[in-house]
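Colleague: I'd like a close look at one part of this model, please. Could you walk me through it slowly?

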Amino acid sequence: MSFHLIPHSRRSFLTTTASAGCLLLSSSPISLGKDDPGEDSRPADANKIAMISDTHIAGDRATVARGVNMFDNFNAIIDEILAEDQRPIAAIINGDCAYLKGLADDYRSLRFCVDRLTNGGIPVHMNMGNHDDRRPFYEAFTSQRPAHLLVEGKHVSVIEHEHANLFMIDSLRIVNNVTGEIGTIQ
């Protein structure tokens with residue numbers, strides 16, 4: 001399942017809102033980046049995408065698993081991304097956003113991290129993994145709940161880029177179970 005958080009300046013708000021309306025009406029692809037950096041004066045590198053996978057963010061930000069605090073690690077990565085001379089055109093978090101069972105508190109902690117990126121002028125696109133749960137995710141990211149599904153029962157999208165289109169697919173089948181499912185419908 002993919003979700004997209006696009007940072008907004010006043011100018012880009014209307015553009016993004018109009019684009020989202022067109023997406024809902026036509027099921028057309030989503031643009032990978034944005035032309036307006038908002039408050040961020042750094043140029044965006046159209047060929048740079050921050051790929052982040054398996055953030056496993058827990059509601060308790062002090063949680064340590066296997067000797068690692070994932071909240072601290074993710075924020076250290078965000079610091080590095082935000083410190084770059086040219087910001088990436090987007091960030092993609094590829095699954096397992098939440099710690100184990102996709103609890104509401106996990107997504108509140110994740111939201112803190114994701115907001116740091118979007119406030120830095122970097123759009124964030126997210127997929128669900130087997131440790132995620134759609135309902136609490138939607139509660140934390142209410143504006144990202146799709147009004148129109150491109151594939152019934154799944155949350156998928158296509159993100160266009162000049163060099164390649166990214167197909168964001170939904171493999172979540174059962175929360176906190178290793179198995180996933182793509183299926184012929186996608």
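What is the mean pLDDT of the protein, and what percentage of its residues reach 70 or more? After that, at what angle do helices H2 and H3 pack?

Modeller: Sure! This is a predicted model; local features need pLDDT of at least 70, side-chain atom pairs count only at 80 or more, and totals for chains, interfaces and linings use all residues. Residues are numbered from 1 along each chain as its sequence is written, and side-chain values use heavy atoms, leaving out hydrogens and water.

The mean pLDDT (the predictor's confidence in each residue, from 0 to 100) is 80, and 76% of the residues reach 70 or more. Go easy on residues 10-28, where pLDDT stays under 50.

Now your helices. H2 covers residues 70-83 and H3 covers 104-119; helices (H or I, at least four residues) and strands (E, at least two) are DSSP runs numbered from the N terminus. Their axes sit 10 Å apart, at an angle of about 10°. Axes are lines fitted to C-alpha atoms, for helices over the stretch in contact, and angles run from 0 to 180 degrees between N-to-C directions. H2 and H3 are therefore roughly parallel (under 35 degrees; over 145 is roughly antiparallel, 65 to 115 roughly perpendicular, the rest oblique).

Who makes the contact (heavy atoms within 4.5 Å)? From H2, the residues include Phe71, Phe74 and Ile78, and from H3 they include Leu110, Cys113 and Leu117.

Phe74 is a nice one to follow. Leaving aside neighbours within four places in sequence, Phe74 is in contact with Ile52, Thr55, Ile57, Ile93, Leu110 and Cys113. Phe74, Ile93, Leu110 and Met126 also have the most contacts inside the largest nonpolar core, which has 23 residues. Such a core is a set of buried Ala, Val, Leu, Ile, Met, Phe, Trp, Tyr and Cys residues joined through side-chain atoms within 4.5 Å. Strands S3 (44-53), S4 (87-94) and S5 (124-127), along with H2 and H3, each supply at least two of the core's residues. H3 gives the largest share, with 5.

Look at the start of H3, too. Ala104 is 32 residues from Pro136 in sequence, yet their C-alpha atoms are 4.9 Å apart. Pro136 lies in helix H4 (residues 134-140) and also touches Gly102, Leu103 and Tyr107. Pro136 is buried, at 4% relative accessible area (buried is under 20%, exposed over 50%, partly exposed in between, with a 1.4 Å probe and protein chains only).

Last stop: the loop between S4 and H3 holds Asp96. Asp96 has a phi near 50°, a positive value in a residue other than glycine, and is buried at 7% relative accessibility.

Terms used: Contact means heavy atoms within 4.5 Å.
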